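Please open the structure in your viewer and keep the selection tool at hand. The tour goes from stop to stop, saying what to select and what can be found there.

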Amino acid sequence: PSTDSTPSAKAETVRIEMLGGERYQNDNRFYLVEGEKAPRTLSDLLDAIQDRRQKNPAVKEIEIIIYDKGSVAESHPAVVDLKKRAQDLEFTVKTTKPGRDAPN
């Protein structure tokens with residue numbers, strides 16, 4: 001736990017890995033939040049992000065991480081829907097492509 005209790009002026013970012021290929025289990029759980037083990041559905045993810053923002057108003061940005069292998073493509077509906085819904089909720093959305101395969 002952080003001992004810094006002063007709110008930071010810097011926006012907090014929620015990092016979300018997109019799952020695809022062998023990492024996707026055909027259950028609409030395309031989204032893996034950094035630091036979590038279990039992937040989420042879009043509605044579950046949005047609920048979790050909203051909860052996080054209520055606890056910490058600095059949560060303003062969503063980073064979508066798309067790997068060369070192990071993620072769906074940026075044009076996939078799971079990515080497109082996340083971007084749209086996040087923008088509707090007034091989050092800043094950025095997409096990161098590390099240029100490598102997903103970690104195991």
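Which residue forms a salt bridge with Glu36? Select Glu36 and then Arg40, for Arg40 is the partner, and the closest N and O atoms of the two are 2.9 Å apart. Before going further, please keep in mind that this is a predicted model. Arg40 is buried, because its relative accessible area is 17% and buried means under 20%. Glu36, on the other hand, is partly exposed, with a relative accessible area of 26%.

**Salt bridges elsewhere**

Side chains of opposite charge can pair when their charged atoms come close. A search of the whole structure finds 10 salt bridges, and the tour now visits some others.

Select Glu34 together with Arg15, whose side chains meet in a salt bridge with a distance of 3.7 Å from N to O. Glu34 belongs to the loop between strand 2 and helix 1, while Arg15 belongs to strand 1, so this pair ties together parts that are 19 residues apart in sequence. If you turn on a surface display, compare the two partners: Glu34 is exposed, with a relative accessible area of 52%, whereas Arg15 counts as partly exposed at 31%.

Next, select Lys83 and Glu74, which form another salt bridge, with the closest N and O atoms 2.7 Å apart. Glu74 counts as partly exposed, since its relative accessibility is 28%. Now return to Arg15 and Glu34 and add Glu63 to the selection, because salt bridges that share partners join Arg15, Glu34 and Glu63 into one network.

**The two helices**

Colour helix 1, residues 42–55, and helix 2, residues 77–88, and turn the model until you can see both. How do the axes of helix 1 and helix 2 cross, and within what distance do they come? The axes come within 11 Å and cross at roughly 30°. That makes helix 1 roughly parallel to helix 2, because angles under 35 degrees count as roughly parallel. The crossing in which helix 1 passes helix 2 is right-handed.

To see the residues at this contact, show the side chains of Leu42, Leu45 and Leu46 in helix 1, which meet Asp81, Leu82 and Arg85 in helix 2. Sorted by class, the contact of helix 1 with helix 2 has four nonpolar residues, no polar residues and two charged residues.

**The loop after helix 1**

Follow the chain from helix 1 towards strand 3, which covers residues 59–65, and select Asn56 in the loop between them. Asn56 counts as partly exposed, with a relative accessibility of 28%. If you also select Glu12, you will find that the C-alpha atoms of Asn56 and Glu12 are separated by 8.5 Å, although these residues are 44 residues apart along the chain.

Ala58 is found in the loop between helix 1 and strand 3 as well. Is Ala58 buried or exposed? Ala58 is buried, with a relative accessible area of 14%. Draw a distance from its C-alpha atom to that of Lys37, and the viewer should show a separation of 24 Å for two residues that are 21 residues apart along the chain.

**The loop between strand 1 and strand 2**

For the last stop, select the loop between strand 1, residues 12–18, and strand 2, residues 31–33, where Asn26 has its place. Asn26 has a positive phi of about 60° although it is not a glycine, and at 71% relative accessibility Asn26 counts as exposed. Asn28 lies in the loop between strand 1 and strand 2 too, and the phi of Asn28 is near 65°, again a positive value in a residue other than glycine.

Finally, move to Gly21, which also has its place in the loop between strand 1 and strand 2. Gly21 is exposed, with a relative accessible area of 62%. Select Glu61 along with Gly21 to end the tour: these two residues are 40 residues apart in sequence and 26 Å apart in space, counted from C-alpha to C-alpha.

Notes. Residues numbered from 1 in each chain as written. Predicted model: local features only at pLDDT ≥ 70, side-chain atom pairs only at ≥ 80, totals over all residues. Heavy atoms only, no water. Helix = DSSP H or I, 4+ residues; strand = E, 2+ residues; numbered from the N terminus. Buried < 20%, exposed > 50% of the residue type's maximum accessible area, 1.4 Å probe, protein only. Salt bridge = Lys/Arg side-chain N within 4 Å of Asp/Glu carboxyl O. Axes fitted to C-alpha atoms, helices over the stretch in contact; angles between N-to-C directions. Parallel < 35°, antiparallel > 145°, perpendicular 65-115°, else oblique. Left-handed = near helix turned anticlockwise from the far one by under 90°. Contact = heavy atoms within 4.5 Å. Nonpolar A, V, L, I, M, F, W, Y, C, P; charged D, E, K, R; others polar.
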